[in-house]
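Student: Got a minute to go through this one with me? I'd like to start with how the helices pack.

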Amino acid sequence: MSNPLADNPPVPLPFARQLTEKAWFNALWFQTTWFCAVLGQDALLAVTLGMIGLHFALVPQRLRELRQLGLLGGIGMSVDAGLSAVGVFQFPGGVFLPLWLCCLWLAFATTLGRSLVFFATRPWLTAAAGALVLPFNYYAGSRLGAVEFGWPLWQSLLLMAAIWSLALPTLYYLQQRLFQAKE
């Protein structure tokens, strides 16, 4: 019996193995997943989960990918759980950390070594992106009804900027150190 998570399992189409490693494909896949998760939330959760499943069906080294997404996505989920615990985030229905957001963190973890890999060797740019882009994404999510801020907007954004200016470079460091393919 074959192990579906084993590294280098047979893939039906030879080009599929390389497809998930292409920056353009990863960017398109992530944006699609982002829209399903943030715009669809629970209503499109099955599609969001299907997008994660598609990634695992196509990725060449599933076990390594599972470890990477578990650690890096888990860190993102932990940060969001902390922000939820202190009242910065308030999700519809009083949910502490919605499943669609967990899926989004798994999807984001795939971008660190693929479509957003150019940040990996630029820690100052990564810190700046963490301080600006991630809080902006949550602000966009709030405008789309995915989250509300329990703190004043400027305090929420400032706290997220401080956290993600440190956390995003850390995610890249871990991705490069632990999961970057050895050539």
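Student: Which residues of H2 and H5 meet?

Tutor: This is a predicted model. On the H2 side the contact uses Asn26, Trp29, Phe30, Thr33, Trp34, Ala37 and Val38, and on the H5 side Trp100, Leu104, Ala107, Phe108, Thr110 and Thr111.

Student: How do the residues of that contact divide into nonpolar, polar and charged?

Tutor: Nine are nonpolar, four are polar and none is charged.

Student: And the geometry? At what angle do the axes of H2 and H5 cross?

Tutor: Two packed helices are described by the angle between their axes and the distance between the axes. For H2 and H5 (residues 99–111), the crossing is at roughly 170° and the axes come within 10 Å. Angles over 145 degrees count as roughly antiparallel, so H2 is roughly antiparallel to H5.

Student: Back to Thr33. Buried or exposed?

Tutor: Thr33 has 0% relative accessibility, so it counts as buried. Its place is in helix H2, which spans residues 23–40.

Student: What does Thr33 touch?

Tutor: Leaving out residues up to four places away in sequence, Thr33 touches Thr48, Met51 and Ala107. Ala107 is also among the H5 residues in the contact with H2.

Student: What about Phe35, where is that?

Tutor: Phe35 is in helix H2 as well. With 42% relative accessibility, Phe35 counts as partly exposed, whereas Thr33 is buried at 0%.

Student: How far apart are the C-alpha atoms of Phe35 and Thr48?

Tutor: They are separated by 8.9 Å, with their positions 13 residues apart along the chain.

Student: What comes between H2 and H3, anything odd in the loop there?

Tutor: Gln41 lies in that loop, ahead of helix H3 (45–58). Gln41 is not a glycine, yet its phi is positive, about 45°. Gln41 counts as buried because its relative accessibility is 15%, and the cut-off for buried is under 20%.

Student: Different topic. How do H4 and H7 cross?

Tutor: The axes of H4 (residues 62–85) and H7 (residues 153–179) cross at roughly 165° and come within 11 Å. That makes H4 roughly antiparallel to H7. The crossing is right-handed.

Student: Which residues meet there?

Tutor: H4 brings Arg64, Arg67, Gln68, Leu71, Leu72, Ile75, Gly76, Val79, Asp80 and Leu83. H7 brings Leu159, Met160, Ile163, Trp164, Leu171, Leu174, Gln175, Leu178 and Phe179. The residues of this contact divide into 13 nonpolar, three polar and three charged.

Student: I don't see Ala162 there. Where is it placed?

Tutor: Ala162 is in helix H7. Ala162 has a relative accessible area of 44%, so it is partly exposed. Its C-alpha atom is separated by 8.4 Å from that of Gly130, and the two residues are 32 apart along the chain.

Student: Now the whole chain. How many helices and strands?

Tutor: Seven helices and two strands. Read from the N terminus, the order is α-α-α-α-β-α-α-β-α.

Student: And how much of the chain is buried?

Tutor: Of the 183 residues, 46% are buried. The accessible surface of the chain is about 9,600 Å², and carbon and sulfur atoms account for 70% of that surface.

Student: What share of the contacts links residues 24 or more positions apart?

Tutor: Such pairs make up 75% of the contacts with a separation of 6 or more.

Technical notes: Residues are numbered from 1 along each chain as its sequence is written. This is a predicted model: local features need pLDDT of at least 70, side-chain atom pairs count only at pLDDT 80 or more; totals for chains, interfaces and linings use all residues. Side-chain values use heavy atoms; hydrogens and water are left out. Helices (H or I, at least four residues) and strands (E, at least two) are DSSP runs, numbered from the N terminus. Buried means under 20% relative accessible area, exposed over 50%, partly exposed in between (1.4 Å probe, protein chains only). Contact means heavy atoms within 4.5 Å. Accessible areas come from the Shrake-Rupley method with a 1.4 Å probe; for residues, only the protein chains shown count as cover. Axes are lines fitted to C-alpha atoms, for helices over the stretch in contact, and angles run from 0 to 180 degrees between N-to-C directions. Angles under 35 degrees count as roughly parallel, over 145 as roughly antiparallel, 65 to 115 as roughly perpendicular and the rest as oblique. A crossing is left-handed if the near helix is turned anticlockwise from the far one by less than a right angle, and right-handed if clockwise. Ala, Val, Leu, Ile, Met, Phe, Trp, Tyr, Cys and Pro count as nonpolar, Asp, Glu, Lys and Arg as charged, and the others, Gly among them, as polar.
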